[in-house]
Amino acid sequence: MARGGFPGIPGGNMQQLMRQAQKMQQQMMQAQEELDAREYEGTAGGGAVACKVSGKRQLISLIIDQDAVDPEEVEMLQDMIVAAVNDALKKGEETRESEMAKIGGAGMGGLF
């Protein structure tokens, strides 16, 4: 091994490796900020229930079609609300994973 070098690092240039790591870290922080600022919409019951969540995984709005409000079908309405929120959260998480994978590469999964 060359003096100051590391196996598997071309030329053993540690400074270049550190610059690349810092650049990647900056890109990831910027991407996280952009993803946190996004909004995702989820629906259920053919659009009878719709919601928006933020990239920070917080419920922003909930819209319930008047026709979906039936006192005898409260359980179904509750299920649609849960399904709509989960749909929006899933879309947000899929987008987050996809965007972060572009920066960190496939081998970084689960790290962030």
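Start by selecting glutamate 41 and showing whatever surrounds it: setting aside residues up to four places away in sequence, glutamate 41 touches Ala50, Cys51, Lys52, Asp87, Ala88 and Lys91. Bear in mind as you click around that this is a predicted model. Glutamate 41 sits in strand β1, and with a relative accessible area of 41% it counts as partly exposed. Now add valine 85 and draw a distance between the two C-alpha atoms: you should get 8.2 Å, for residues 44 apart along the chain.

Two of those neighbours are worth a stop of their own. Select lysine 91 and aspartate 87, which form a salt bridge with the closest N and O atoms 3.4 Å apart. Both are in helix α2, and because they are four residues apart, about one helical turn separates them. How buried or exposed are they? Lysine 91 is partly exposed at 36% relative accessibility, and aspartate 87 is partly exposed too, at 24%.

Stay on the helix and pick lysine 90 with glutamate 94. Here the side chains meet in a salt bridge at 3.9 Å, N to O. This pair also lies in α2, four residues apart, or about one turn of the helix. Glutamate 94 has a relative accessible area of 45%, so it goes down as partly exposed.

For a longer reach along the chain, select arginine 57 and glutamate 93. Their side chains make a salt bridge of 3.0 Å, N to O. Arginine 57 is in the loop between β2 and β3, while glutamate 93 is in helix α2; the pair links distant parts of the chain, 36 residues apart. Arginine 57 is partly exposed at 46%, as is glutamate 93 at 30%. The count of salt bridges in the model comes to five.

Next, arginine 96, again in helix α2. What does its side chain meet? One partner is the side chain of aspartate 36, joined to arginine 96 by a polar contact of 2.6 Å. Another is the backbone oxygen of glycine 55, which lies 2.8 Å from a polar atom of the arginine 96 side chain. At 12% relative accessibility, arginine 96 is under the 20% cut-off and therefore counts as buried. To see the surroundings, show Gln32, Leu35, Asp36, Gly55 and Arg57, which are in contact with arginine 96 once neighbours within four places in sequence are left aside.

Now for the interior. Nonpolar side chains in soluble globular proteins tend to be buried together. The largest nonpolar core here has 17 residues, and the members touching the most others are Val49, Cys51, Ala68, Leu77, Met80, Ala84 and Met100. Colour α1 (14-37), β1 (39-44), β2 (49-54) and α2 (74-104), since each supplies at least two residues of this core. Which element gives the most? That is α2, with seven residues. Zoom in on methionine 80 and, ignoring residues up to four places away in sequence, you'll find Ala44, Gly45, Ala48, Val49 and Ala68 touching it.

Finish on the outside: switch on the surface and select Leu59, Leu62, Ile64 and Val69. These form a nonpolar surface patch, with about 320 Å² of accessible area together. Leucine 59 belongs to strand β3, residues 59-64, and at 47% relative accessibility leucine 59 counts as partly exposed.

Notes
Residues numbered from 1 in each chain as written. Predicted model: local features only at pLDDT ≥ 70, side-chain atom pairs only at ≥ 80, totals over all residues. Heavy atoms only, no water. Core = buried A, V, L, I, M, F, W, Y, C linked by side-chain atoms within 4.5 Å. Buried < 20%, exposed > 50% of the residue type's maximum accessible area, 1.4 Å probe, protein only. Contact = heavy atoms within 4.5 Å. Polar contact = N/O pair within 3.5 Å; in protein donor to acceptor, adjacent residues only side chain to side chain. Patch = residues over 30% accessible without salt bridge, like charges linked within 9 Å, V, L, I, M, F, W, Y side chains within 5 Å. Areas by Shrake-Rupley, 256 points an atom, 1.4 Å probe, with all protein chains shown as cover. Salt bridge = Lys/Arg side-chain N within 4 Å of Asp/Glu carboxyl O.
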